[in-house]
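Visitor: Could you take me on a close look at one part of this structure? I'd like to see what sits inside.

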Amino acid sequence: MQSTYQNPEHEELKELLKDQITISEKDNSCKWPPVGLYGREVLNKTVIPYDDLARIYSFMKKGHHIPSCRPYQKVAIIVPYRNREQQLKIFFNNVLPRIYRQKQEFGIYLVEQADDHPFNRGMLSNIGYEHAMQEDMYSYDCIVIHDVDMLPEDDRNLYFCNDTVAYHLAGKMERKNYSMIYPGFFGGISSVSTEQYKKCNGFSNAFFGWGAEDDDFKRRLNNAGFHISRPLEKFSHCGDVEHIKAEPAKQRQRDRQHNINTGHSLHLLYCIIQNKTDVKRPFVHNHKMQKIHLANRAFDKTL
């Protein structure tokens, strides 16, 4: 006899997402929204060696995981990164198990800036997108841009995308007593479909230093016809991993005050010095960028 038991948390997710998702009836499809989630948990900030992480999360094969059932989506998680080794270990130990329970197919793309220029999160995100799209065997549906120091506490904060709206997944921040950092904030963790990323032409490459690139990305999405949504804001609690903050982007406040939109992405010129599964971090696709150069011309339609 078929069970009539209903998981109340699963039913709540279904209700919150009723206008956001299409339920597949294909054979062997993963239950979506997923069942068996743990809900909100305190972050584990223990720094675990890479060898132990690789053993614990052995389901990651060359930086990728495919569930035994047919996933709802294929998700590329792009992590712009530089010089935060301890935070990165904590990131893996918290993000990997939560996404694994969501029954999505996913890959982790660690894009590391290896030069002495100010950090450029937007360009690193574009590089990660470009390389994820080149991996034809995966055919990603969804791109998640993920800060290494902003970690989800609740696995009901689902990593997925919608072709009509973009999602912000970091609505309740520990550093702000679990509230929004500022009205309209779109940084930390955000998800867009591969088509949305292409249509808005990705991030601007012009923002060196901390901040402003996420506001500009939101404007680019809006200008391409995509609004920002937080259907799972109730579960969007995110904890912090402390670090030394980078220098702010030049003219960042002026750009926000005057609502400046860079309008296009500059041409990407960079040198990859490592483009393979990392030997010491076998659960990620690793792309290390040696140099940043900007050519003074815009892309037409592609990155």
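Guide: Let's go through the nonpolar core, then stop at a polar residue.

A quick note before we start: this is a predicted model, where local features need pLDDT of at least 70, side-chain atom pairs count only at pLDDT 80 or more, and totals for chains, interfaces and linings use all residues. Residues are numbered from 1 along each chain as its sequence is written, and side-chain values use heavy atoms, with hydrogens and water left out.

The largest nonpolar core (buried Ala, Val, Leu, Ile, Met, Phe, Trp, Tyr and Cys residues joined through side-chain atoms within 4.5 Å; buried means under 20% relative accessible area with a 1.4 Å probe, protein chains only) has 46 residues, and Ile77, Phe92, Phe106 and Ile108 touch the most other members. Elements giving it two or more residues include strand S2 (74–81), helix H3 (85–101) and strand S3 (105–113); helices (H or I, at least four residues) and strands (E, at least two) are DSSP runs, numbered from the N terminus. H3 gives the most, with seven residues.

Setting aside residues up to four places away in sequence, Ile77 is in contact (heavy atoms within 4.5 Å) with partners including Ile99, Phe106, Ile108 and Val144. There's also a second, separate core of 23 residues, with Ile78, Phe119, Val192 and Phe203 among them.

Now for Asn162, in the loop between S5 and S6. Asn162 counts as buried because its relative accessibility is 11%. Its side chain reaches the backbone oxygen of Gln20 at 3.0 Å. The side chains of Asn162 and Thr164 are joined by a polar contact of 2.7 Å; that term means a pair of N or O atoms within 3.5 Å where, within protein, one must be able to donate a hydrogen and the other to accept it, and residues adjacent in sequence count only if both atoms are side-chain atoms.

Definitions and conventions:
Buried means under 20% relative accessible area, exposed over 50%, partly exposed in between (1.4 Å probe, protein chains only).
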